[in-house]
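Q: Could you pick one part of this protein and take me through it slowly, from its ends to its neighbours? I'm new to this, so please explain the terms as they come up.

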Amino acid sequence: MTRYDVHQHLWPASFVAALRSRTAPPCLDGASLVTPEGAFPFDPAVHDLDTRLAMLDRHGIDVALVSLQPTLGIESLDPGEQRALEDAWIEGIGETVARAEGRILALAPWRVLPGFAGTSVGVSALLDPERGAAVDDVDRAGGLLFVHPEAEGPLAPGRPQWWNWTAGYTAQMQGAYLAWLDGGRE
C-alpha cells in the first residue's frame, strides 16, 4: 500500500529567492522567516529536495503532497504581490515535482492548474463567499481540495509562541468545517 503524507510544505529555490527579495512580511531576513505572526528560524536545508526525499524514506512515506501555506500571510498582500509570490512557488515547485519522480505531488495555491493534484486554499475560502471560487473550481475539475489555516497576525502580549498554532489555527479549522456543513457541501 502506498503511504501518503498530505500536509507538507516545500519551497523551491525560486520561492526562497522571491522571499529574500522582499523587505516586508512575508520575507526572509538572513536566517529568519518573518511573517505577520512574527519571526522564526529558517533552515534552507529543510526545503532541499534530496533532504526531503531522505526524510520521506526515513519515515516510510512514499509520496508527499505539498502546498504553499496560507500561514505566511500572502493572501493579505495586494493582488500583484500575492500573484508574484504564488507564481514563483508554482514555477519552482513544478520543476521540483518533475525531479521527484512521483514522490512529491503539489497543490496549486487558490486555483486549479494543469499538472497539479488539486488546490490548497485558506479557511477564508469556506468562510467568505468572495474567496470561495477556488472551491467550486477544484470540485468541477475533480482534484483534491486542501483547506489550511491562515496567518493570525501578531501574538497578543503575554501569549506563548505556540498560541496561534494551537488555539487560533484549530479555531479557524473548526469554523471552516462548520461553514462547510452549513452549506458548502452542496
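A: Let's start at the N-terminal end of helix 2, which is capped by Asp48: one of its side-chain oxygens sits 3.2 Å from the backbone nitrogen of Asp50. That's a polar contact, meaning a pair of N or O atoms within 3.5 Å; within protein, one must be able to donate a hydrogen and the other to accept it, and residues adjacent in sequence count only if both atoms are side-chain atoms. Helices (H or I, at least four residues) and strands (E, at least two) are DSSP runs, numbered from the N terminus.

Before going on, keep in mind that this is a predicted model: local features need pLDDT of at least 70, side-chain atom pairs count only at pLDDT 80 or more, and totals for chains, interfaces and linings use all residues. Residues are numbered from 1 along each chain as its sequence is written, and side-chain values use heavy atoms, with hydrogens and water left out.

Back to helix 2, which covers residues 49-58 and has Leu49, Arg52, Leu53 and Leu56 as its buried residues. Viewed down the helix axis, these buried residues fit within an arc of 100°, so they line one face of helix 2. The arc is taken from the directions that run from the helix axis to the C-beta atoms. As a rule, an α-helix has 3.6 residues a turn, so residues three or four places apart point the same way. Over on the other side of helix 2, Asp50, Asp57 and Arg58 are exposed. (Buried means under 20% relative accessible area, exposed over 50%, and partly exposed in between, with a 1.4 Å probe and protein chains only.) After helix 2 comes Gly60, with a positive phi near 70°.

So what sits on top of that buried face? The cover for the buried residues of helix 2 includes strand 1 (4-8), strand 5 (63-66), helix 3 and strand 6 (104-109).

Let's follow one of those, helix 3. At its start, a side-chain oxygen of Asp78 comes to within 2.9 Å of the backbone nitrogen of Gly80. Helix 3 has 21 residues, which at 1.5 Å a residue should span 30 Å, and its end C-alpha atoms are indeed 30 Å apart. (The expected span is 1.5 Å times one less than the number of residues.) Just past helix 3, Glu101 has a positive phi of about 50°.

The buried residues of helix 3 are Gln82, Leu85, Glu86, Ala88, Trp89, Ile90, Gly92, Ile93 and Thr96. Among the parts that cover them are helix 1, helix 2, strand 5 and strand 6. In other words, helix 2 helps to cover helix 3, and helix 3 helps to cover helix 2.

Helix 3 also takes part in some charge pairing. In general, side chains of opposite charge can pair when their charged atoms come close. The structure has six salt bridges, each one a side-chain nitrogen of Lys or Arg within 4 Å of a carboxyl oxygen of Asp or Glu. One of them joins the side chains of Arg22 and Glu81, with N to O at 2.9 Å. Arg22 is in the loop between helix 1 (13-20) and strand 2 (27-29), while Glu81 is in helix 3 (residues 79-99), so this pair ties together parts 59 residues apart in sequence. Arg22 is buried, at 14% relative accessible area, whereas Glu81 is partly exposed at 31%.

Another salt bridge stays inside helix 3: Arg83 pairs with Asp87, their closest N and O atoms being 3.6 Å apart. Those two are four residues apart in helix 3, about one turn of the helix. Arg83 is partly exposed at 43% relative accessibility, and Asp87 is partly exposed as well, at 35%.

A similar kind of spacing turns up in helix 5 (residues 133-141), where Arg140 and Asp137 lie three residues apart, about one turn. Salt bridges with shared partners also join Arg83, Glu86, Asp87 and Arg111 into one network. As for Arg140 and Asp137, the closest N and O atoms of their salt bridge are 2.6 Å apart. Arg140 is exposed, with 64% relative accessible area, while Asp137 is partly exposed at 32%.

Conventions:
Contact means heavy atoms within 4.5 Å.
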